[in-house]
Amino acid sequence: IRDVDTFGVTRPEPARSYGHRGANGIDGLLSAAAGTAIASGTPTYALAGDLSTLHDLTAVAAAARLGADLTTIVVNNDGGGIFHHLPQVDFPEVFERHFGTPHGLDFASIAESLGAAGSRADDAEALAARLGTRPDGTSVVEVRTDRGVERELHRSVRRAVHAALSDR
């Protein structure tokens, strides 16, 4: 949700969006998305981080079993990328184990093992093509990213916004 808030763009046609905030920001995210897809009867997209997905993988199996038209885009940065924006990143001797929490998992393969379609989008064009396809059944699209690159991108956007606002 933080990346959507930071980098999202407006669309000329109406789109309905929902946000979900579990007890820790991740609990039940995919279950809520599956429930939304099933209850609304409309094709649904969910954007989830890899740790959020790990905490609710059974929802992928349930969505597939129930025939939900749900496409989940999993941003896989191999752990807790959001924590790279906090001060503890400056303590590398403990950061990776306790906050980075690398897992090394392949979400496209996991989705297939749970009865959903699984694929990877290796670049922006592949992701755009995948998002241009109406969800038909339950699928997971894995987008692998680098936590360090993400952190620098966020920093550069903040610097640009600060510079633009400072000129006023």
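Thr 71 stands opposite Ser 139 in strand β4, and that pairing is a handy way into this predicted model. Strand β2, residues 70-76, is joined to β4 by 7 bridges, and the two run parallel. From there we can work outwards to the rest of the sheet, then to the salt bridges.

**The sheet**
- There are 4 strands in an open sheet, in the order β1-β2-β4-β3, with parallel pairing.
- β1 (44-49) and β3 sit at the edges with a single partner strand each, so one side of each has no neighbour in the sheet.
- Going from one strand to the next, the twist averages 20°.
- Helix α2, residues 29-40, packs on the sheet and touches β1 and β2, with its direction at about 175° to that of β1.
- As for β2, it's mostly covered, with 6 of its 7 residues buried.

**How the strands line up**
- β1 and β2 pair over 6 bridges, in the parallel sense, and Thr 44 stands opposite Leu 70 in β2.
- Further along the β2 and β4 pairing, Asn 76 stands opposite Arg 144 in β4.
- On the other side of β4, 4 bridges join β3 (residues 117-120) to β4 (residues 138-144), and these strands run parallel too.
- Ser 139 turns up again here, since Ala 117 stands opposite Ser 139 in β4.
- β3, helix α7 (residues 124-131) and β4 together make a right-handed β-α-β unit.

**Salt bridges**
- The structure holds 4 salt bridges.
- One of them links Arg 120 and Asp 106, whose closest N and O atoms are 2.4 Å apart.
- Arg 120 is in strand β3 and Asp 106 is in the loop between α5 (92-100) and α6 (107-113), so this pair ties together parts that are 14 residues apart in sequence.
- Arg 120 is partly exposed at 39% relative accessibility, and Asp 106 is partly exposed at 24%.
- Arg 144 also meets Glu 142 through their side chains, at 3.0 Å from N to O, and Glu 142 is buried with a relative accessible area of 0%.
- Over in helix α8 (residues 147-166), Arg 155 and Glu 152 are 3 residues apart, which means about one helical turn separates them.
- Their side chains form a salt bridge of 3.4 Å, N to O.
- Arg 155 is partly exposed at 29% relative accessible area, and Glu 152 is partly exposed at 38% relative accessibility.
- Salt bridges with shared partners join Asp 106, Arg 120, Glu 142 and Arg 144 into one network.

Notes:
Residues are numbered from 1 along each chain as its sequence is written. This is a predicted model: local features need pLDDT of at least 70, side-chain atom pairs count only at pLDDT 80 or more; totals for chains, interfaces and linings use all residues. Side-chain values use heavy atoms; hydrogens and water are left out. Two strands pair if DSSP finds at least two bridges between them. A crossover is right-handed if, with the strands pointing away from the viewer, the path from the first strand over the helix to the second runs clockwise. Axes are lines fitted to C-alpha atoms, for helices over the stretch in contact, and angles run from 0 to 180 degrees between N-to-C directions. Contact means heavy atoms within 4.5 Å. Buried means under 20% relative accessible area, exposed over 50%, partly exposed in between (1.4 Å probe, protein chains only).
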